[in-house]
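New to this one? Here's a quick briefing to read with the structure open beside you.

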Amino acid sequence: MATVLAAHFLAGASPEEFAQAILRNDRDAVTRACVPGVRLATDIGRYLKNPPVRSEQFREYNLFFYRADGAEMILAFNRENLLAAPPVIHAGILPELSREQMQADFDFLRRKMEETFPLDEVNRQVFDLDFRKVLDSYRAQIRDDMSLPEFSELVSNALNDCKGNHLWTADIHQLIENYSAVGEAVRALIAPTVETGAAGITHALTLLGNLGKTPGALTLRYFDGEYYNSFPFILENKEYPAGMKLLAVDGEATASLLKRLQPRLTAYDAGRNLFFGQSFTRVHHNIYLLRDGAEELTFEKVTVHLSRFRSDMQKYPADTPLAMKKKVLYLEEPQILYIRLPQMLINETAFYLDGIRKEGRDRKIRAVVLDVRGNSGGSDLVWMDILQALIGREYAYETKMALPDSNTIRDYLKHHNQVISKFFPEAAGETVGDPEKVTVPFLGNRTFLVSAASKRLVPKENSLRLDCPVYVIAHDIY
């Protein structure tokens, strides 16, 4: 990992001036145009979808221009090491906020959390955690000289530490652009409340937030209170096995580090009443990433210096279950229809439905296997569509949601039904009924809006109409 020049322009520099400096290989001009000290991940390219311009004509650099809802970025990759220049965001795109403005934004967030956060009493009882105190501790960290990317990271960390499932800052541009129907639905929901240009700003902040934050080179796995290396690796011509226990990080015992990091972790081991990792982030089980500047991992048989360790030193199995791509496959001998779902993306639903028809038509199927190991999440509509392409009769069931009683939640429930009806007519059974006020004794006798959602799975016209078991393979025991 190399240190790169900048994250955003200083006042007076333009994208065109920066591009010309790149063209001239004028490092002094590039340095003057940029702020030093940001680190850039080598895989930053995966955060860009179809950049509109890629030019090979520059002598030393490959240059990418990227625009999103008014946010204009330039990415310059050195052809030798990919790290000589960073993504650059024009100063006019990201607004500069005063401390008072950031505090006002944070106070708005707190008010909305008080109106909408459904896990308040649950977290108080289970984790002895008051999200208001968590937010207060982060508000106190807002500084006069804090940049917008720094403030965004503070807000993101604050939400993470509130222990809310699916509680994070969002890249609105990605939601809108990457999913057709979902994008339209998101646009319909946020249009009345989000200012013009906000989607581009959230996208820019997401890109900046990912700078230098690649997953750890050495992969750990938590089990029963301890951490182990997931894969064998070769270090100084010697091979070390998978499953070595992690004893310390930079000399600090693993148990001590884990105890100290409890506020920052969200993945939960209920048996030990212990948080052990972060769900839906680059950290996962690699808790050493949360110790700033971690250098050494001490295992039972070896000490690994992270600055000298690369991910390709690990010996990965040829085809790990978690790396398997999406597929639909009929297995002749066991007569099983196998469906691999690495994620639940609506725009991939047609792939599964086509595969089910092609692989399952006129076959004897004794069982269906849905493989969701390592599934990164997505929409329930995906698995619902898949089941409706398999089943031979209708299934009806009901779920209930207990949500805080506030005008914000009532508006959300109203818009939820409107969006479902307009953009997902095939999921009409997902609409939520009129909420009722209910006092819940085991949640501190608080009054909630309880909404019942009636759901139906109806066989599709060309369903295989199977009458056999459907098995689900999952990978995580916590």
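What follows is a short tour by topic, from helix packing to aromatic rings and a couple of unusual backbone angles. Keep in mind that this is a predicted model. The stops include a helix, H5, that packs with H6 and also with H3, and a helix, H12, that is mostly covered.

**Helices that pack around H5**

- Start with H5 (residues 131–139) and H6 (residues 148–161): their axes are 9 Å apart and the packing angle is about 160°.
- With that angle over the 145-degree cut-off, H5 counts as roughly antiparallel to H6.
- The crossing of H5 past H6 is right-handed.
- On the H5 side, Val134, Leu135 and Tyr138 make the contact, and on the H6 side it's Leu154, Asn157, Ala158 and Asp161.
- H5 also packs with H3 (residues 99–116), here at about 175° and with 11 Å between the axes, so H3 and H5 are roughly antiparallel too.
- Gln103, Phe106, Asp107, Arg110, Met113 and Glu114 are what H3 brings to this meeting, while H5 brings Phe131, Arg132, Leu135, Asp136, Tyr138 and Arg139.

**Ile142, in the loop after H5**

- Look between H5 and H6 and you'll find Ile142 in the loop.
- Is Ile142 buried or exposed? Its relative accessibility is 2%, and the cut-off for buried is under 20%, so Ile142 counts as buried.
- Leaving aside residues up to four places away in sequence, Ile142 touches Arg99, Met102, Gln103, Phe106, Phe151 and Leu154.
- Val155 sits 13 residues from Ile142 along the chain, and their C-alpha atoms are 9.9 Å apart.

**Helix H12, mostly under cover**

- How many of the nine residues in H12 (residues 380–388) are buried? Seven of them are.
- Those buried residues are Leu381, Val382, Met384, Asp385, Ile386, Leu387 and Gln388.
- They pack against helix H11 (349–360) and four strands: S16 (336–340), S17 (367–371), S20 (446–457) and S21 (470–473).

**Aromatic rings**

- There are ten aromatic pairs in the structure.
- One of them joins Phe233 and Phe309 edge-to-face, with 5.4 Å from centre to centre and 90° between the planes.
- That pair ties together distant parts of the chain, 76 residues apart: Phe233 belongs to strand S7 (residues 233–235), and Phe309 to the loop between strand S14 (303–305) and strand S15 (327–331).
- Both Phe233 and Phe309 are buried.
- Elsewhere, Phe127, Tyr268 and Phe275 make up one aromatic cluster.
- Phe275 has a charged neighbour as well: Lys163 lies over its face, 4.0 Å from the ring centre.
- Phe351 has a similar story, with the charged end of Lys326 over its ring at 5.0 Å from the centre.

**Two positive phi angles**

- Most residues other than glycine have a negative phi, which is the background for the next two.
- Asp128 has a positive phi, near 55°, and it's found in the loop between helix H4 (120–127) and H5.
- With a relative accessible area of 69%, Asp128 is exposed.
- Asp250 also has a positive phi, near 50°, and lies in the loop between strand S9 (246–249) and strand S10 (252–253).
- Asp250 has a relative accessible area of 26%, so it counts as partly exposed.

Technical notes:
Residues are numbered from 1 along each chain as its sequence is written. This is a predicted model: local features need pLDDT of at least 70, side-chain atom pairs count only at pLDDT 80 or more; totals for chains, interfaces and linings use all residues. Side-chain values use heavy atoms; hydrogens and water are left out. Rings of Phe, Tyr and Trp (its six-membered ring) pair if their centres lie within 6.5 Å; planes under 30 degrees apart count as stacked, over 60 as edge-to-face and the rest as tilted. Buried means under 20% relative accessible area, exposed over 50%, partly exposed in between (1.4 Å probe, protein chains only). A charge sits over a ring if NZ of Lys or CZ of Arg is within 6 Å of the ring centre and within 35 degrees of the ring normal. Axes are lines fitted to C-alpha atoms, for helices over the stretch in contact, and angles run from 0 to 180 degrees between N-to-C directions. Angles under 35 degrees count as roughly parallel, over 145 as roughly antiparallel, 65 to 115 as roughly perpendicular and the rest as oblique. A crossing is left-handed if the near helix is turned anticlockwise from the far one by less than a right angle, and right-handed if clockwise. Contact means heavy atoms within 4.5 Å.
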